[in-house]
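Visitor: Please pick one part of this model and take me through it closely. Then show me what surrounds it, and how far I can trust the picture.

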Amino acid sequence: MKQLLCLLGMALFCSFSVPASGQDTAERLNTLENSSRSQSVIIEEQQKAIEALKDEIAKQKNQEAGQISREESLSSSRVSGFFGGSVLTNPNISLLVDTFAYGSNLNNSELENRGIPGFTTLGKDAREGFNMGAAEDGVELFIFAPVDPYFNVYVNLPFSDEGVALEEAFAVTTALPEGFQAKLGKFKSNFSRINAQHPHAWDFFDIALPYRAFLGNEGSGGEKGMQFTWLPSLPFYTQLGAELLQGENDQLFGADARSGPHAFSVFVKGSFETTENSTLYFGPSVLFGKTRNSNIIADAEVDGRSALYGMEAFWKWKPSRSEGVTIQSEYLFLTQRCDVTDVAAETVESLRRHQDGFYLQGIYQSGRWRFGARYDTLELFADTFERADLQQDPGATPWRATGSVEFNPSEFSRIRLQYNHDRSGRDGTSNNEAILQFIFGIGAHAAHNF
Amino acid sequence: MRIVISLILSLVTAAPAFAGVNVVATLPWIGSLAKEIGKDKVTVTTLVKPTQDPHMVDAKPSMLMAGRKADILMYNGLDLEVGYLPIILESSKNPRIVPGKPGNFDCSRFVRPIEQLTAVDRSMGDVHPLGNPHYHYSPGNILRVAEGMSNALADLDRANAEFYRANFGNFAAKVNERQKQWHAVNLKGKRFVAYHKLFEYLSKEFGFQLVGYVEAKPGIPPSAAHIKKLIGDMTHNKPDGILTTSYYGRKESESISAKTGVKVVLLPSDVGSMKGTDDWFAFMDSVLAALR
């Protein structure tokens, strides 16, 4: 169609205009005139630069010999790289320090033993008084840099009282065509929303209850494996992804399972702009594989298969730098079929679980202040927990309500006061906890993901 | 399943027909320059809105989709877009625009930055060690950026190389002509207080003085004590105005103005941020008209 129009246009043009050769000469003349004009401008500019340089040389001569001009010494750092800053032989390094004070109506041994019956036997990490790190990682070291034109590498090393862990270390491809990208090494799965976020980037001190119940206090954590994502060239944002994981998470999977890799995930992330200043994000995902661990039922090993389905929704309104609202919600649904081996009695029974969890949270930002509220609950629609085909009753429905106030003196520091009314213990008692948390970041500026 | 696949495929192929070089610019002034040089041979998408503060932009999926389809990504550099540019570069999964490729165009490569800091840490606020990034107020630097841009476009689209170079010639001639008008206003000897460190290139090229800042440290809201001292100084020195932009510190500047009697001079922050600043020339015209 376009070609046809062009032909038609050309035909019309030829029939009305002077012979084509005359037109050509005029055009060439025009081009030459323009380029000579541009060259004279460049010459003028260069002459100015020469004058300036002469001045500078004169100035420098007055200065002490051997002193390098500031402009010259920095000219090598003028090219910006992937991470926005100067290109250096050294990688970008940033360090986060996370410290908090914790108070609760429960004592330390009660906190340590406070699991969620029917979901997890693992207790709370925090202790009365002073602590380092929301997920026991008081210091997190991030190192990132391009390897070459084909890969970027990211490493995240959390430090705790017990030592250093290897939370993440992975390479991301940057040269694959057609919107494909691969990630390999050890990384946090992009299953659902909170899972891939780092504890310091959470909107609250602690992870939402469904994550704690199904994956643990820090979500799935770093998993060894590979990830493939594809961003098709559509008019709207849709990312498709799949992961092949070793499956070492000790709540949903288990490092001691007999073969590997034995965990997989598939996810879709979609987004569109609801208004000029607001965006909606959503997407389903699933994480499934072999389960073998001792953290689901006290004094028993669970061995079988699990699938965790997730649905995320996140809406963000950001009209200016000083104001904003985010509303976020996720729903997780677990299916699990396992054998339960009682450690003491050595009896084997069947286990069938169909359980779910949900949270809804909102943050309002005004200037350097942020105010947050969250409600999370388990067993919203599904509460099947059958041991030897008999439905168990682990207790009242677990839920929690949270309120928080944050003051962020700058982009690099955060002071947060949070209060939880936590009824996830299922024994009628509540854990009323208050947390005063400080987070500090130094070093390279890491970009903020959405 | 087959239906889903065919649906996706039909959507992929139904994507808008390719028209010229697909330029994605982070900031409005960069988009404006790209249009001056590329004219109808390029399609320009600008990521940041003129009303947004370019220091504090959140990456959005729509930006990734623009980056995904870009032939060339043009950005300000000097760490200004450090909060969102790395995500666009990596997550838009487009090998044409990554650093080192001809489709990665850092405008600041052609700039002579001022205020490069050798000894710097964040106790000084949100400082840019590579130099002051707000060089779009500097005609001398913009001329060099535009030249670099014409060469980059010529490299990408060799068939139209002469076209881009000729457009740069016209652009440069227009800048030189306007420079006479802009410099006709004598600003030497004028003294201004500024809200943020945005106007240093202007001050350097047009010879006025910046005698104080409302923000004692860039990016960090001023303390009450600093404001009190500034008001004291200003009542005593009577500068010619408080320079600010509509997105950044307007309210604070107006309250200081009310207390000192020094007028607020509202300057456009970027192309399109105020009425009558539709391209870079109009933007500079209104900047100098406001300073008069």
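**One helix and its surroundings**

Guide: Start with helix H10 of chain B. Its buried residues are B:Trp280, B:Phe283, B:Met284, B:Val287, B:Leu288 and B:Leu291. Look down the helix axis. These buried residues of H10(B) fall within an arc of 125°, so they line one face of the helix. Keep in mind that this is a predicted model.

Now check the length of the helix. H10(B) covers residues 280-291, twelve residues in total. From its first C-alpha to its last, H10(B) reaches 17 Å. At 1.5 Å a residue, 16 Å is expected, and the model comes close to that.

What covers the buried residues of H10(B)? The cover includes H2, helix H5 (139-156), H6, helix H7 (200-206) and E8, which belong to chain B. Three of these deserve a closer look: H6, E8 and H2.

Take H6(B). This helix runs over residues 161-184 and has 24 residues. H6(B) reaches 35 Å from first C-alpha to last, close to the expected 34 Å. Its buried residues include B:Phe163, B:Tyr164 and B:Arg165. Also on the list are B:Phe168, B:Phe171 and B:Val175.

Next comes E8(B), which leads to a sheet. Four strands of chain B form an open sheet, ordered E6-E5-E7-E8, with parallel pairing. Strand E6 (209-213) and strand E8 (264-266) of chain B stand at its edges. Each has a single partner strand, so one side of each is left without a neighbour in the sheet. From one strand to the next, the twist averages 35°. Which strand does E8(B) pair with? Strand E7 (residues 241-244) of chain B is joined to E8(B) by three bridges, and the two run parallel. One bridge is easy to find: B:Ile242 has B:Val264 in E8(B) as its partner.

Then follow H2(B), which leads to another sheet of chain B. This open sheet has four strands in the order E2-E1-E3-E4, and the pairing is parallel. At the edges are strand E2 (42-46) and strand E4 (104-106) of chain B, each paired on one side only. Neighbouring strands here are turned by 20° against each other on average, direction ignored. Strand E3 (residues 72-75) of chain B pairs with E4(B) in the parallel sense over three bridges. B:Leu73 has B:Asn104 in E4(B) as its bridge partner. Helix H2 (residues 28-38) of chain B packs on this sheet. H2(B) touches strand E1 (21-25), E2 and E3 of chain B. The direction of H2(B) makes about 175° with that of E2(B).

For contrast, step over to chain A. Strands can also pair in the other sense: they pair through backbone hydrogen bonds, either parallel or antiparallel. Chain A has five helices and 20 strands. Strand E6 (residues 168-173) of chain A is joined by four bridges to strand E7 (residues 180-188) of chain A, and the two run antiparallel. A:Ala171 has A:Leu184 in E7(A) as its bridge partner. E6(A) and E7(A) form a hairpin with six residues between them. In the turn, A:Glu178 has a positive phi of about 60°. E7(A) also runs antiparallel to strand E9 (residues 222-230) of chain A, over nine bridges.

Is A:Gly247 buried or exposed? A:Gly247 sits in the loop between strand E10 (237-245) and strand E11 (263-275) of chain A. A count of 20 or more other C-beta atoms within 10 Å makes a residue buried, and A:Gly247 has 27, so it is buried.

Now for trust. Chain B averages a pLDDT of 89, and 93% of its residues score at least 70. Residues 11-17 of chain B fall below 50, and this stretch has six contacts beyond near neighbours in sequence. Chain A has a mean pLDDT of 85, and 80% of its residues reach 70 or more. Residues 4-22 of chain A stay under 50, with two contacts beyond four places in sequence. Residues 61-79 of chain A also stay under 50, with twelve such contacts. Where pLDDT is low, the predicted coordinates should not be read in detail. For the complex, the predictor gives an ipTM of 0.81 and a pTM of 0.81.

Notes
Residues are numbered from 1 along each chain as its sequence is written. Chains are lettered from A and ligands numbered from 1 in the order in which they are written. This is a predicted model: local features need pLDDT of at least 70, side-chain atom pairs count only at pLDDT 80 or more; totals for chains, interfaces and linings use all residues. pLDDT is the predictor's confidence in each residue, from 0 to 100. Two residues are in contact if their C-beta atoms, placed from the backbone, lie within 7 Å. Two strands pair if DSSP finds at least two bridges between them. Axes are lines fitted to C-alpha atoms, for helices over the stretch in contact, and angles run from 0 to 180 degrees between N-to-C directions. A residue is buried if 20 or more other C-beta atoms lie within 10 Å of its own, exposed if 12 or fewer, and partly exposed in between; C-beta atoms are placed from the backbone. The expected span of a helix is 1.5 Å times one less than its number of residues. The arc is that of the directions from the helix axis to the C-beta atoms.
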